[in-house]
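Q: Please take a close look at one part of the model below and work outwards from there. A plain account will do.

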Amino acid sequence: MMKKQNFSYIFLFCVLINLFFPVCLSTRTSTHNNNWAVIVCSSRFWFNYRHVANALSFYHTVKRLGIPDSNIILMLADDWACNARNCFPGKIFNNKDHNLNLYGTNVEIDYRGYEVNVENFLRLLTGRHEPDVPRNKRLLTDSGSNILVYLTGHGGNEFLKFQDSEEVSSKDIADAFEQMYQKKRYNEILFIIETCQANTLFSKFYSPNIAAIGCSELGENSYSHHFDSSIGVQVIDSFTYFSLNFLNNIKPGDSHTTLEKYFNSMTPKQIRSQPRLEFFQFQRNPRDVLVSDFFGSIHEVVSHPINNYTFKNDNDNDNDNDNDNGNANINEKENVNNNDNFQLKNQFQHTEKTQPNMEQSNQFQPRVEDEAIELSDNYFRIGMIILIFLIFFFSIIEKILT
Amino acid sequence: MKHTPLTILFFLFFSLYFGCLAQSQDKYTEALTIKKLNKNKLLFKFDFNTISKNPNYQNYFLFPKTFGNLVKENSLEYLRFSLTQGMYHLKYGEIGRYSPPGGELIATFETKEDLESKFRTVSRKISGIFGTSQKFSDLTISAQPFYTEFNSLESTSQRTHYSSLPREPVCTENLTPWLKLLPCRSKAGLASLLNPIKLYDLFYHSMSVEVTRSQENSLSFHQQLLLVVELKEFKFSQIFGTPLIGPICPFSSQTKIQIEGFSDYSSFTPTPEEIGNNQVGFILKENLNKKDFNLHYSPKEKTNNNGYNHNNIGNDNSNNGNDNNNNFNNNGINDENISKNQSIKLNRFLKESGKIRGGVITQITNLEKNDLHLTLYDSLPWFMRVYFHTLTIKSNFENKEIEITDLNLESEQGNESNLFANQASLLRIQTSQDHGRPSIFELALVLKPGETFQISVDYLKGFLNFEEHPFDGNRGFDIAPAIVSMHGKKQNLKKRIYYTDSLLLMLPTPDFTMPYNVMTITTTAFLIWYGSFLNNLTGRAGLKLKKKSKAKWIIKPDKF
């Protein structure tokens, strides 16, 4: 009798514990506590339009997934949106369908024009600035920061060209990262480079905890994706195009998409060059590295849609030359003219996958990770309760039988 | 329902509460001026004024805190910063103060000491606020105009620093921080019309911020946006993309729309009314009577061209500056190209032949009926090595050159009568230093009605160091415009500031293109090797007999 009593008390105790405490552990193995991003478009001149489209596409992806403007350093080497050669003033597109205006009003550019040079780039990484450089131009990371570094432009065997006249070599970047390691300025770095012969640029890395993705091998070129005849130049590169295809399916707070899955989504046949994903002295298991470790934020965020300003198109704007397809009226008021195509369309109409509607992210959404935890906790709790009842049931049967 | 009763109540309460507060502390007004200019142009001028009496620099209400701190920490008296895209020509009409293309920063400090480091601090903070480049504090560009009066403050000579970057890119992301300085941002009031993408499709737009600390210890913060549109008839929804939707900014003590320069006010819907001070327009009340305010103007006489068109050149009936004899030098006055109330006509250009030397010519024409007292401030970067002995002034009224009296008043503060005693006086010269400060000259001119002065100075082009070339050096170097300031105390004319054109100077630049250099170096090296190789292989050994005894075996190359 005493045994059974103890037994039942123990099980009652377990039930109470399970009802009040979560049991399941997170699948996340990362050790960072904040996220930063450094996005650089290093080429100048109008015909390099696709490089700024690449950079801004990644900028908006990173913002959508949760990194705020204060943690993003955006370096654009020239002004394309308000360039005299731009037929669509104030707008930059990464697709010939012109669905999304990458430039909008919510873009905060930290380094522009002549300030994007090798010296400022290396000063930014190492943190060695002149005393009166403002805060928004500094990379204020610490030992718990995961940094995404994205470079795009023209490059070659172990170098990247800045502004069509300067070069930064792979050894320079490797040394800068080593300085950052010694100064404890990062937890982990994801280095994505999209140029010709990109993989050579991270051949000299020797600091730990760096993951690098390059889009082309030595001797290979990196190709643009398609040409836009209304602007007159190529508007996006293949690597970025297929990256965005994959990244657009990721919601903020995603906890199960690994970096390897992202990398494997791009085949050499699609991007016409041989990409490579390499981990340099990574402390954790490389297969555990998640995309949201670098692209998103560890904090819970409310992500805003890209076009944040609201204005109403008048119904009789016949004289309007603009094609306003890309602008979304987020605050739903009446007089929404459906012909003006207010909703943000799927960004890439070439793929067959369904894309998430951007407007969904306007409201606060609980993280996917938390949902998973709650679900599995509920399963466990139900299972424990069923077990308790079974035990009581069998003990009663035992009592009856004896 | 657009605005629920709750929203109306909310804003009413807000306006009551803050209206009371506003009267005691800061006063904020909004105004939009719509003016008809020449050549089918229209001006939309947004003025947002905040005046703070006896500020204590600790608690800020409507006055933006960043600028309050800026004034206090750097002992500023006056600050003006503007970002402009496009060029405003005076032939469109007189619009008061406008800005030169690119970025411009003017700062007047309380004392003369340490101007350069104070200006550097201020310019870095301003460029951080507005997201522009940090080059305003570059000493090869910025300088101090001594005799130009930028504001109505007294005797600001030698305490003002000026910097102008004509090449500064201005884009949609620069408007966002400017809008954030307004009390109601772009959510309410006149600023809700401002959509950056629509603004950057216009003919000329300029946004500026002006902070003045007057002697009675009151701070005024003035934000101005100038838009020049080329339209014959217009609607708010066409230009701005949206009509004016309420509510009006509750902090504003007066929101008005003023209309000037139109001959037929009846072509406006809604019809404007008298709003005092001989002004015609609208004073907007809260909630705009629950209706969108979409001002529509359609003139009754319609020509062939309707609405928005770019091809107005052929319809202007202008000869573009020359009469039928193709005579360009017609005393600078061509009736087609000046407006009715234009005071002066300005022109500035380079005269060059070749890549070594050239000259800058500034032409000023007096179109008023009285004498004009002007000061001209011109600052040329060091790589234009100005030879000041070539500074000459010619007038169309006289055959010989005008004599320039050397006043050189740098050490003392001359009053008005001294400055304009002669027809042309040289007030100041600053010679340039290589890779350092620019060359500056300031002149005081007295122009008779209808007179044109042509001021010319010659220069030799200098060489830049390799690192000093900007990345697109082949495009040329932008030279800041000259400033002509009108001193009008005697004739009761307003003090005005005019800007000439900015110039584009082509310097001999090295060829930066990498493939070219690679090809030249490799082909030269190859040629040296191959040439000598070929010569050695195909040369013939032969005897060369000298007059002296010995014969030598010499390899003689075949002639190619």
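Where in chain B is B:Pro270 found?

A: The model is a predicted one. B:Pro270 is found in the loop between β10 (268–269) and β11 of chain B. The peptide bond that leads into this proline, from B:Thr269 to B:Pro270, is cis, with omega near -10 degrees.

Following the chain onwards leads to β11 and then to another loop. B:Asn278 is found in the loop between β11 and β12 (280–283) of chain B. B:Asn278 is not a glycine, yet its phi is positive, at about 60 degrees. With a relative accessible area of 76%, B:Asn278 is exposed, since the cut-off for that class is over 50%.

Strands β11 and β12 also belong to a sheet. This is an open sheet of 10 strands with mixed pairing, and the order in chain B is β5-β4-β3-β6-β7-β2-β1-β9-β12-β11. β5 (160–165) and β11 (273–274) of chain B stand at the edges; each has a single partner strand, so one side of each is left without a neighbour in the sheet. The loop that holds B:Pro270 therefore leads to an edge strand, as it lies between β10 and β11 of chain B.

Away from that edge, β2 (residues 41–53) and β7 (residues 218–230) of chain B pair in the antiparallel sense, and 13 bridges are found between them. One of the paired positions is B:Ser52, whose bridge partner in β7(B) is B:Leu219. Helix α2 (residues 65–74) of chain B packs on the sheet and touches β3 (76–85), β4 (102–109), β6 (204–213) and β7 of chain B. The direction of this helix makes about 130 degrees with that of β3(B). Helix α3 (residues 115–130) of chain B lies across β3, β4, β5 and β6 of chain B, and runs at about 135 degrees to β4(B). The edge strand β5 is thus among the strands that helix α3 of chain B lies across.

Another strand of chain B gives a contrast to the exposed B:Asn278. In strand β16 (residues 372–380) of chain B, 9 of the 9 residues are buried, so the strand is largely enclosed by the rest of the structure. In a regular strand, side chains alternate between the two faces of the sheet. For β16(B), B:Leu372, B:Leu374, B:Leu376, B:Asp378 and B:Leu380 are buried on one side. On the other side, B:His373, B:Thr375, B:Tyr377 and B:Ser379 are buried as well, and both faces of β16(B) are covered.

The pairing of β16(B) involves two strands. β16(B) and strand β20 (residues 439–447) of chain B run antiparallel and are joined by 9 bridges. Here B:Leu380 has B:Ser439 in β20(B) as its bridge partner. β16(B) and strand β23 (residues 483–486) of chain B also run antiparallel, joined by 4 bridges. In β23(B), B:Val484 stands opposite B:Leu376.

Some totals set these parts within the whole chain. Chain B holds 8 helices and 27 strands. Of its 560 residues, 52% count as buried. Among the contacts in chain B with a separation of 6 or more, 71% are between residues 24 or more positions apart. The accessible surface of chain B comes to about 27,400 Å², and carbon and sulfur atoms account for 52% of this area.

Chain A also has an asparagine with a positive phi. A:Asn209, a residue other than glycine, has phi near 60 degrees. The place of A:Asn209 is in the loop between β8 (188–194) and β9 (210–214) of chain A. Whereas B:Asn278 is exposed, A:Asn209 counts as buried because its relative accessibility is 11%, and the cut-off for buried is under 20%.

Chain A has an open sheet too, formed by 3 strands in the order β5-β6-β7 with antiparallel pairing. Its edge strands are β5 (155–156) and β7 (166–169) of chain A, each of which pairs on one side only. β5(A) pairs with strand β6 (residues 159–162) of chain A over 2 bridges, and A:Phe159 in β6(A) is the bridge partner of A:Gly156. Helix α3 (residues 118–126) of chain A lies across β6 and β7 of chain A and runs at about 35 degrees to β7(A).

Key:
Residues are numbered from 1 along each chain as its sequence is written. Chains are lettered from A and ligands numbered from 1 in the order in which they are written. This is a predicted model: local features need pLDDT of at least 70, side-chain atom pairs count only at pLDDT 80 or more; totals for chains, interfaces and linings use all residues. Side-chain values use heavy atoms; hydrogens and water are left out. Two strands pair if DSSP finds at least two bridges between them. Contact means heavy atoms within 4.5 Å. Axes are lines fitted to C-alpha atoms, for helices over the stretch in contact, and angles run from 0 to 180 degrees between N-to-C directions. Buried means under 20% relative accessible area, exposed over 50%, partly exposed in between (1.4 Å probe, protein chains only). Accessible areas come from the Shrake-Rupley method with a 1.4 Å probe; for residues, only the protein chains shown count as cover.
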